[in-house]
Structure formats: C-alpha cells, structure tokens
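Q: Could you take me through the ligand site up close, and then the helix packing and a couple of buried polar residues elsewhere?

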Amino acid sequence: MLVRSLKDFFFTQIGSGEGTKDGEWLPVSQFPTSVHVELLNLKRIPDPFVGLHEWDVQWIGETRWAFKTTFSVKEDELKTTNIDLVFDGLDTFASVLLNGAQILQTEDQFIEYRVAVKEALKAGENELVLNFDSAFFKGRELEKQHEKLNLWNGDSSRLHVRKAQYNYGWDWGPVLMTVGPWKPVSVQFYENRIAEVDVRSRVSEQLDVKVSVALTFAAKTPGLATVSLKAPDGSVVASNKDISGTSGQAETKFEFKTGEVELWYPVGYGKQPLYTVEVELTDESGKAMDSKAQKIAFRRARVVQEKLVDQEGLTFLFEINNIRIFCGGSNWIPADSFLTTITAERYKAWLQLLIDGNQNMIRVWGGGIYEADVFYDTCDELGILVWQDFMFGCGQYPAYDSFLKLVEVEAEYNVKRLRHHPSVVIFAGNNEDYQIAESCKLELDYSDETSDFRKTNFPARYIYERTLPSIVEKFSDIFYHRSSPYSGQGKPTTDQTLGDLHQWNVWHGQQKPWHEWDTLAGRFVSEFGMEGYPDIRTVDYWLGGNKDERLPQSRTNVNHNKADGFERRLELYLVENFKHAFDMDSYVYYTQAMQAETLASAFRLWRRNWKGKGREYTAGALVWQINDCWPVTSWAIVDYFLRPKPAYFAIARELRPFTVGMTRKEHQTFPDDLSAAKFTIESILEIWGTNSTLEEKKATLEVSSFDLQSEWKDSWSKSVTLAPNSSTELFRGQVPGQPTRTKKSEVAKDIIVSARLLDEDGTVLFRYSNWPEPFKYIKFPPVEQVDLQIDVAADGESVTLTAKKPVKGVVLDVDGEDVKWSDQGIDLAPGDPQTVKAVGLKGRKVRARFLGDGTA
Ligand code: BMA
C-alpha cells in the first residue's frame with residue numbers, strides 16, 4: 001500500500017473578516033493544525049493565554065474557515081484498484097470537496113473518515129478543500145431543533161456536538177472553540193490492505209496465555225497473510241503463514257503455557273515487556289500488498305467487586321496478574337487548548353512526571369478527547385494503568401437517532417483504536433452524567449434495568465447502559481463501568497461503599513475540612529481535589545508584564561481562575577488553617593501549601609484503608625487533576641508549563657512504596673453524663689505504616705517529638721514489620737509531651753511529632769511530621785531560632801536543608817528560570833537533614849519560604 005501524507009495546506013476565512021482578507025489564502029505553518037494556532041503564528045490575534053485576550057478571539061469560533069491543498073496523482077497510480085482519502089481527525093463540521101465535488105460531510109471530531117475517491121481523481125493536480133462550519137452555531141441549531149438540556153460547564157449546545165467539550169469552557173479552562181484539520185490527512189493507494197488487526201490475549205488465573213489474531217482486509221481479493229509474534233528483543237516467538245485472506249477475514253491463534261511469554265505489570269510490580277504482532281499480506285503471487293505491526297502485551301486485568309470481611313458494600317479494586325493494586329494517580333485533561341501543539345515529547349514528559357511522582361494510574365476524563373496514540377503507547381511502556389472515559393462530561397446528553405448513530409461509530413472506532421493497549425484496564429461510559437441526572441431529579445430509577453431510556457428525560461442512559469457496553473464487549477476484553485462515578489446495586493453515585501466516588505465535599509458540596517478525608521473515603525475515589533496557584537512564573541506569563549494586575553484580586557488573575565466561587569473557597573480553607581499574607585508571591589505560597597496539605601492528607605488516610613485481602617476498604621485515589629490546558633489557577637498539581645506544585649511532591653511522598661502516616665485527634669472524656677465542665681482531653685496519636693511491595697518489610701520506626709516553644713524533645717523507636725501490599729497499624733497513644741488537659745483554656749502545646757522509617761542499614765525509607773492543627777494557632781519561633789540552613793553541594797546540583805527547630809512547608813526557589821527540584825513543601829526536623837536535587841541551579845542563591853517565615 002502506498003500512503004502519501006498531505007501537509008501543504010492553505011487556509012482562509014470564508015467571507016472576509018478579522019482573520020484574512022477576501023480571497024487571501026495563507027500557507028499553514030504546521031500540519032495538522034487549527035485556525036487559532038495559525039492566526040497566532042501570524043500574530044493576527046493576541047495570545048488568548050495572556051491577560052483577558054481569551055475574550056478577544058471568540059469570533060473565531062463563530063466563523064467559517066477553509067483549508068485547501070493540491071496533490072498530484074500519476075497515470076499509473078490512478079490504475080490502482082483502491083484509492084482512499086483518509087482524514088484521521090477533522091474538528092468538527094467540515095464539508096470536503098475534491099476537485100470541486102463534495103465527497104464528505106463530517107460531524108464528529110473523534111473519529112477517522114475514509115472516502116474512496118478513485119472515481120473522483122484525475123491524473124495530474126487534484127484540489128482538496130475542507131470547508132469548516134462554526135461548531136458553535138451548528139450546536140445551537142441542533143439544540144433549537146431538538147431541546148435545551150442540563151449541564152455543568154459551558155454552553156448547553158455542546159451536548160449536541162461530538163467535539164471536545166472542554167472547548168466550550170470549563171471550571172479550569174477558557175472558551176476556545178478550535179476548528180481545523182487536527183489530525184493527519186493522507187491519500188492511500190492499494191490493491192488490498194489490512195483494515196483491522198484485532199489481537200485478543202487472554203491470560204488465565206494460572207497465567208497461561210491464549211492469543212487470537214483476527215484480521216479484516218479491505219477487499220475480498222485472493223491473498224495470503226503471515227502473522228508473526230515478536231518478543232521485545234525482536235526475536236520471533238511464533239509465526240503462522242499462508243493464512244488465506246480471500247474472504248476478507250482471517251484468524252489465527254497462539255497458545256503459551258505459564259512463563260513461556262513475559263507478562264506486563266504496572267509500574268512497581270514488574271516489567272512492561274511489549275511484544276509485536278506483525279502481519280504481512282501478499283497476493284497469490286507472493287507480491288506484498290500491505291503490512292501492519294501492532295504492539296501488544298500479556299496481562300490479566302480484573303476489576304474486583306466482592307464482599308469485604310467487615311464492612312458493607314463491595315470492593316472496587318484493580319487486580320493485575322492476580323496482584324491487587326492500590327491505585328494512586330491522577331485525572332488527566334487535555335494538555336492544551338490547542339491540541340495540535342502538543343508534541344510526543346510533551347506527552348512523554350507529562351507521563352514521566354506521573355511516574356516520577358510515584359503514581360501508577362491516570363484517568364482520561366470524559367470532557368476532553370480520546371487521547372493520542374503516543375499517550376497510550378507511553379503508558380504501556382511506563383506501566384501506567386489507564387482509566388478511559390467515553391467523551392461525555394457533566395451533561396444530560398440526548399439520544400436521538402442521528403446522535404446515537406454518531407456515538408455508535410465513535411465508540412466502535414475508539415474502542416478498536418485503544419483495545420490493544422495493556423495499560424487500558426477500564427472504560428467508563430461518561431463523567432458525572434448520572435450526577436447531573438440525580439441533581440436535576442431526572443427520570444432515573446436505578447432498579448429499572450429494562451426500559452427504553454430514550455423515552456425518558458435521561459435518554460443518554462440508553463447510551464451508557466446499552467450502546468457502549470455492547471460495543472466494548474463486542475470489540476474488546478476491557479471492563480466496562482457505566483459512568484464515573486457509579487455505585488451500582490441500585491445505589492446513588494454518592495454511596496461510599498460501592499463503585500467509584502467523586503469526593504467533592506472538600507472544596508465543593510459541604511466544603512468540609514480536609515482533616516475529615518477519613519470519613520469521606522470511598523471504595524475507589526476517582527476524583528477529589530483542592531486548588532492552588534501555579535508557579536509565580538506562570539502567573540507572570542499570563543500577566544504579560546502588567547505589574548498593575550500582579551495581585552490576587554486583579555481582573556486578570558480572576559480571569560485565570562474559572563472555578564465558581566474560588567475566592568470564597570480559597571479563603572475559606574486559608575482563613576480556617578493558615579495565618580497568611582495576600583501579596584502575589586505570598587498568595588502563591590499559601591494556596592500551594594494548603595493544596596499540598598489537603599491532597600497529601602487524602603492519599604495518606606486512604607492508603608491506610610488498603611488493609612489487605614478482604615479489607616480493601618479504599619483501593620484507589622485519583623486526584624483531580626494532574627495537568628492544565630492553559631496557564632491558570634486550578635486544581636492541577638502541575639501547571640500548564642509542567643511546573644510541579646508542592647502538592648505534586650507531597651503526593652509523591654505519600655505514594656512511596658513504604659510510608660508512615662499519623663493522625664492526632666483530641667478525645668474529650670466526661671466522667672458522667674451530668675457535668676459538661678468536668679472532662680479530660682487527651683491528644684491521641686495514631687501511627688501506621690504502608691507497604692505496597694509484595695514482601696513484608698522489617699524496619700525501625702523512630703518517633704521524635706519537639707516542643708516548638710522550648711528545648712523539650714523526646715524520642716523512641718521500635719522494630720516494626722510492615723505487612724505486604726497493605727497498611728499496618730503501628731502505634732496508638734498520647735502525643736508525647738502533651739499532658740491530659742481538663743479545661744478548654746489549657747491550649748495544646750505546639751508539639752511536632754516526626755516519624756522516620758529506617759531500613760536495616762539505617763537508610764531513611766520514609767519520614768513524616770505531624771503538626772498541631774490548625775496551623776494558624778501555632779506560635780512559630782523567631783526565624784533566627786529556626787536557623788534554616790540551605791547548603792549547596794560541591795557539584796552545585798543539590799542542596800541540604802537543616803534546621804534547629806522543626807520547620808513546616810519549606811518551598812525553595814531562585815530568581816530567573818526554573819530549577820528542577822526533586823522535592824518541595826518539605827517538613828524538616830532538627831537532626832534530620834534532607835537533601836534536595838536542584839538540577840539547573842547554576843550557582844544561583846536559593847531562597848526558602850516556610851510557615852512562620854515572617855511573611856504572615
Ligand atoms: C469534576 C470533574 C470536572 C471538574 C471538577 C472540578 O466535576 O469531573 O468536571 O472540573 O470536578 O470542579
């Protein structure tokens with residue numbers, strides 16, 4: 001098969017306007033591309049990521065645009081039996097003309113379009129024109145034609161349009177309605193081609209492997225196929241030849257006993273050996289017609305929902321090759337408002353950040369896109385488990401026939417595109433659409449499994465409970481989950497004992513203190529979060545040098561935080577917990593410190609709930625969100641420019657193989673039920689360890705306590721054994737140095753309890769300091785007494801931190817460009833120096849912020 005990519009496109013605005021003059025065709029600067037990217041490149045629009053310019057480019061989304069190219073076809077090429085034009089992705093409503101004749105009308109951004117064009121082509125120059133309508137107008141017309149439906153985020157017309165929903169604006173993203181050929185365009189010449197390679201590898205409980213390879217050919221012409229399975233080192237493991245392809249279909253099988261082929265494991269549990277299935281198709285004379293290679297891997301993946309020994313409900317856990325995995329990870333949104341600008345290197349950098357953050361799962365969220373192949377390839381290579389939503393987010397979607405037809409084609413196309421990735425272990429029908437149905441009190445009777453839901457005012461239930469599960473089952477072996485969140489057993493999405501949970505009662509909902517995460521746990525918490533400002537450099541980027549706007553309350557900063565009521569919520573959590581300052585740099589620090597505390601606490605408390613077989617009370621936590629699509633203040637733990645926030649490092653610590661967790665709770669006891677004045681208050685400390693490895697771990701737990709207001713300190717240690725793949729309770733008792741109190745006016749001492757887990761050779765496996773809360777009450781010692789020292793190593797690429805007093809929330813920085821720090825948001829204890837890598841320090845002076853550093 002001969003494939004020719006078409007890249008030399010020109011674009012113009014249909015009907016003159018701000019973009020291009022009448023009849024002015026401009027060469028594109030890159031391909032694939034979109035109109036915003038091209039106008040930005042030509043400096044015909046301001047950068048929508050800066051200032052309030054988002055609102056200066058809205059006209060683009062309400063304008064029609066055209067792209068055109070010419071390509072030549074030789075006489076002999078024209079003789080080829082089949083010639084197709086293939087569009088991997090057109091955003092979104094395009095009418096396609098070849099040599100002036102319309103050959104295609106598109107209406108779904110998420111699928112490939114293939115058109116047989118042999119008859120429409122001529123020898124010599126051929127002209128291809130793509131006329132794009134305004135998706136926004138199209139949506140509004142469809143909405144008028146059908147009905148206005150409920151949603152959260154964006155214009156309601158989005159629900160009628162199969163386009164990345166976040167384009168319409170989200171509570172972390174701008175309104176930027178992209179338009180254009182966002183994926184490659186090619187012309188393909190072939191006698192016959194391998195249309196589909198469907199590799200299913202079934203790994204039994206005994207871990208033996210059965211592989212079936214089903215082939216679909218474009219044409220029913222005589223031909224023979226050879227299917228080879230190659231090992232990661234390229235050697236041929238097995239091969240089947242002379243498989244007849246004449247009927248257009250063919251199948252072949254391979255079987256391997258346990259251990260004959262290597263299994264794929266998620267990061268932290270084994271390697272990620274990727275095999276390759278190579279298919280050669282020849283005609284009867286042996287002349288090659290087409291070939292395809294597909295990476296595959298062998299793993300047994302299960303979503304286990306079974307009874308717990310002593311709690312109601314069911315587990316919701318992931319098991320890979322018979323190993324139950326605590327999933328610590330993140331939610332992923334599109335990494336840019338302008339998708340065509342995201343390079344393969346950027347995808348890899350993001351996913352490497354996830355791995356460096358000790359995370360093992362990523363959820364591709366339902367308001368974005370079915371991600372690029374490189375995303376899933378990289379997850380396969382790095383051992384990152386993928387939770388894949390279908391692209392429906394926070395809406396009461398329709399299910400009228402034409403919409404349903406689009407969804408069927410879209411789902412089949414993307415399930416087939418993603419099914420061979422070992423990393424993809426679950427498909428979820430949508431993001432939060434059952435929550436919309438619950439909160440809008442739509443017709444949703446969970447016990448009704450039989451009605452034709454299209455006749456209800458929650459018609460999309462038909463998609464999530466009929467259309468998608470049957471497509472997933474028919475074309476893949478991947479587990480299907482009706483929605484995220486979804487409980488099942490007829491329970492609402494807020495049930496904490498079933499399915500997955502979006503726990504938003506911190507920040508949204510009841511706006512509870514993060515200290516209550518333990519009572520807010522679920523079987524699998526697939527969303528929770530806290531906002532924090534991005535790095536000050538990112539803030540300065542969107543300020544575009546406008547110093548007058550360099551304060552938290554400025555119009556520009558407000559435009560770069562899309563979360564409803566963010567001011568109130570940020571201040572709610574800051575005022576309740578931190579003495580804080582309100583200048584720009586301080587607000588960045590304090591919101592980041594708050595975000596880090598909030599999110600680390602969640603992972604710490606929920607990992608404690610992973611207590612071994614039958615006690616997997618919480619089997620996963622996916623933080624909302626790892627990334628941003630533009631420079632913004634949001635729930636992201638790493639900002640748009642891939643600058644990690646302290647929360648990223650705090651979470652990375654809590655997801656290490658061995659951790660120690662602590663809580664400190666006040667227990668008030670009354671001698672009898674008469675008196676309210678007579679009571680005792682004890683500060684009870686609970687300590688536990690976690691071990692995500694499959695071996696038990698012997699270590700030493702060392703607990704050092706310091707009084708912030710005096711030289712008093714205490715220390716004890718004991719040998720501990722951390723159970724494999726579980727948490728282990730290690731200690732419960734009074735906070736050292738904190739006497740029992742009998743009056744509320746006897747305030748608790750500022751005792752800092754620092755625990756370290758030491759390996760047999762004395763290496764520090766983990767350290768964690770538990771501080772009295774809320775932090776706002778703490779009387780921090782004068783900075784001189786703290787005497788925080790930052791010593792730069794001889795190689796200038798790391799710094800060692802020491803202090804005479806416990807220090808909380810150390811964030812390091814330098815002037816100028818970023819340094820790649822290995823840790824941030826550090827809690828220091830006297831006598832326990834910590835070394836932080838500082839790649840790119842280049843001799844610059846390191847400064848530090850910390851709680852009690854005098855800025856508030
Ligand atoms: C959940 C997500 C997103 C949203 C986030 C923060 O609803 O599914 O839709 O951005 O919360 O509000």
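A: Here's a walk through the ligand site, then the helices, then two buried residues.

Before we start: this is a predicted model, where local features need pLDDT of at least 70, side-chain atom pairs count only at pLDDT 80 or more, and totals for chains, interfaces and linings use all residues. Residues are numbered from 1 along each chain as its sequence is written, and side-chain values use heavy atoms, with hydrogens and water left out.

Around the ligand you'll find W170, D171, W172, W365, C394, N431, E432, W504, H508, E527, W624 and W635, each with a heavy atom within 4 Å of it. Some of these have polar side-chain atoms close to ligand oxygens. For D171, a side-chain N or O atom sits 2.6 Å from a ligand oxygen, for W172 the distance is 2.7 Å, and for N431 it is 2.9 Å.

Now the helices (DSSP runs of H or I, at least four residues, numbered from the N terminus; strands are runs of E, at least two). Helix 6 (residues 401-418) and helix 8 (residues 461-475) have axes that come within 10 Å and cross at roughly 35°. Those axes are lines fitted to C-alpha atoms over the stretch in contact, with angles running from 0 to 180 degrees between N-to-C directions. Helix 6 brings F403, L404, V407, E408, A411, E412, V415 and K416 to the contact, and helix 8 brings Y462, I463, T467, L468, I471, V472 and F475; contact means heavy atoms within 4.5 Å.

Helix 13 (residues 646-654) is largely enclosed by the rest of the structure, because 9 of its 9 residues are buried. Buried here means under 20% relative accessible area, with a 1.4 Å probe and protein chains only.

Next, two buried residues with polar partners. Q294 lies in strand 19 (residues 288-296) and counts as buried because its relative accessibility is 16%. Its side chain makes a polar contact of 3.3 Å with the side chain of H420. A polar contact is a pair of N or O atoms within 3.5 Å; within protein, one must be able to donate a hydrogen and the other to accept it, and residues adjacent in sequence count only if both atoms are side-chain atoms. Leaving aside neighbours within four places in sequence, Q294 also touches residues including V197, Y275 and V277.

D91 sits in the loop between strand 5 (82-87) and strand 6 (94-98), and is buried at 2% relative accessible area. The side chains of D91 and T178 are joined by a polar contact of 2.6 Å.

How values were computed: Buried < 20%, exposed > 50% of the residue type's maximum accessible area, 1.4 Å probe, protein only.
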